[in-house]
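Hi,

Here is the model I promised to pass along. Have a look at it first, and then read my notes below.

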Amino acid sequence: MVSLGQLVAGIAHEINNPVSFIYGNLKSADEYTQNLFSLLDIYQRHYPQSIKAIDEFTNFIELDFLRSDFPKLFKSMMMGAERIRDIVLSLRTFSRLDEAEMKAVNINEGIDSTIMIIQSRLNPANQRLQIEVIKEYGSLPLVQCYPGQLNQVFLNILVNALDALEDSVVKGRWTTKKYNKMDNPRIYIRTQFLEPDQVTISIADNGLGIPEDTLKQIFNPFFTTKPVGQGTGMGLAISYQIITQKHRGSLECISQPGVSAEFIIRIPLQQLVSNF
C-alpha cells in the first residue's frame, strides 16, 4: 500500500504542473480572443464596406458561428481542466504521501477523495445502472490517524460495495419489472462524532447482502467469494488490521441477506503514541 501511495502521489504531482499551466493559459487565451473579437467589431463599424476577398473568407470560416461557438469551446476546455485538477487533488488527498506519519485530518474530505477515485464505476455503462452515493456527513473534529491507510480502508469497502451492487444487478435485484427510481442501486455513507472521543463511519449498500456463513469469514486473510483471478481476499483483512491495530478502533459488518450490508468503522479521535 505504501508503494501504491507513492505511485499515485507521483502521478498526481507530474500531472498537476502541466494541467495548472493549461488551465492558467486558457483564461488568458479566452481574454485575448475576446479582445480580438472586440477589435474586429471596431473594424466592422468603421469600415462597413469590405472587399470581396474578406467577404469570401468570412463566409468560408463561418465567422458568425465562430464568434458564438468559440467562447463555448473555451468554457468546455476550462471545465475539462477543472475536472482534471479535481481528480489530481483527490489523488493527492487519497495518497497522502506527505502525511505518512500520524496527523489530524478531516475524515469527510478523505472519503470525498476516495469517491472521486471510483467515480467511473458509479456512472451508468452498458447494462450497469447509475449507482447513487448518498452522503450524510456529520460535523467532525479533526481525527488523528494515518490518512493514507484510512483512505485505503474506505477504498476497499467502497469497491466491495460496488462489486456487491453489480453482482445484485446480474442476479436480478433490479430487473425491468422490479426496478423503480425509489429503489435504485445506492451506497450510503454516514459519519458521526460520538462523545466524548470517538468517530464512526458507516458505509452501506442496498444490494443482496451477505449470507451468514460468509459474514463470519469476510475479514479472514485470503477469503473471497469472487471468481478465481478477480479477488485476492486481502482487501478487508488489511482494512481490519489498519483499523484495529493501527488506529485502536473496530470494524464490523452487519448484513441483512437479500436487503443490504453495512460496514461500521469506529476510531478514537486521538491515538496513543506509545502504541506506534
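**Helix packing**

Helix 6 and helix 8 cross with a left-handed sense. Their axes lie 9 Å apart, at an angle of about 145°. On the helix 6 side, the contact is made by Gln 149, Leu 150, Val 153, Asn 156, Ile 157 and Asn 160. Helix 8 brings Gly 235, Leu 236, Ser 239, Ile 242, Ile 243 and Lys 246 to it. Sorted by class, the residues of this contact come out as six nonpolar, five polar and one charged.

Before I go on, please keep in mind that this is a predicted model.

Helix 6 (residues 147–170) also packs on helix 4 (residues 107–117), with an angle of about 50° and the axes 9 Å apart. With that angle, helix 4 is oblique to helix 6. What is the hand of the crossing of helix 4 and helix 6? That one is right-handed. Helix 4 uses Ile 107, Gly 110, Ile 111, Ser 113, Thr 114 and Ile 115 there, and helix 6 answers with Leu 150, Asn 151, Phe 154, Leu 155 and Leu 158. The contact of helix 4 with helix 6 has seven nonpolar and four polar residues, and no charged ones. If you click through the side chains, look out for Leu 150: this residue is listed in the contact with helix 4 and in the contact with helix 8.

**The protein overall**

For orientation, there are eight helices and seven strands in a protein of 276 residues, and 34% of those residues are buried. The exposed surface comes to about 16,800 Å², with carbon and sulfur atoms supplying 56% of it. If you take the contacts between residues at least 6 apart in sequence, 70% of them join residues at least 24 apart.

**Backbone oddities**

Most residues other than glycine have a negative phi, and most peptide bonds are trans. A few places here are worth a look with that in mind.

The peptide bond joining Glu 195 and Pro 196 is cis, with omega at about 5°. Pro 196 sits in the loop that links strand 4 (186–194) to strand 5 (198–205).

Then there are two positive phi values. Glu 62 is not a glycine, yet its phi is near 50°; you'll find Glu 62 in the loop between helix 2 (52–60) and helix 3 (63–95). Arg 248 also has a positive phi, of about 50°, again without being a glycine. Arg 248 belongs to the loop between helix 8 (235–246) and strand 6 (250–256). Is Arg 248 buried, partly exposed or exposed? Its relative accessibility is 32%, so Arg 248 counts as partly exposed.

**Around Leu 269**

Last stop: Leu 269, in the segment after strand 7 (260–268). Leu 269 has a relative accessible area of 12%, and is therefore buried. Which residues is Leu 269 in contact with, leaving aside its neighbours within four places in sequence? One stretch of its partners is Pro 141, Leu 142, Val 143 and Gln 144. The others are Phe 193, Pro 196, Asp 197, Gln 198 and Val 199. So the proline of the cis peptide bond turns up again as a partner of Leu 269. As for Leu 142, its C-alpha atom is 7.4 Å from that of Leu 269, although the two residues are 127 apart along the chain.

Shout if you'd like to go through any of this together.

Cheers

Key: Residues are numbered from 1 along each chain as its sequence is written. This is a predicted model: local features need pLDDT of at least 70, side-chain atom pairs count only at pLDDT 80 or more; totals for chains, interfaces and linings use all residues. Side-chain values use heavy atoms; hydrogens and water are left out. Helices (H or I, at least four residues) and strands (E, at least two) are DSSP runs, numbered from the N terminus. Buried means under 20% relative accessible area, exposed over 50%, partly exposed in between (1.4 Å probe, protein chains only). Contact means heavy atoms within 4.5 Å. Accessible areas come from the Shrake-Rupley method with a 1.4 Å probe; for residues, only the protein chains shown count as cover. Axes are lines fitted to C-alpha atoms, for helices over the stretch in contact, and angles run from 0 to 180 degrees between N-to-C directions. Angles under 35 degrees count as roughly parallel, over 145 as roughly antiparallel, 65 to 115 as roughly perpendicular and the rest as oblique. A crossing is left-handed if the near helix is turned anticlockwise from the far one by less than a right angle, and right-handed if clockwise. Ala, Val, Leu, Ile, Met, Phe, Trp, Tyr, Cys and Pro count as nonpolar, Asp, Glu, Lys and Arg as charged, and the others, Gly among them, as polar.
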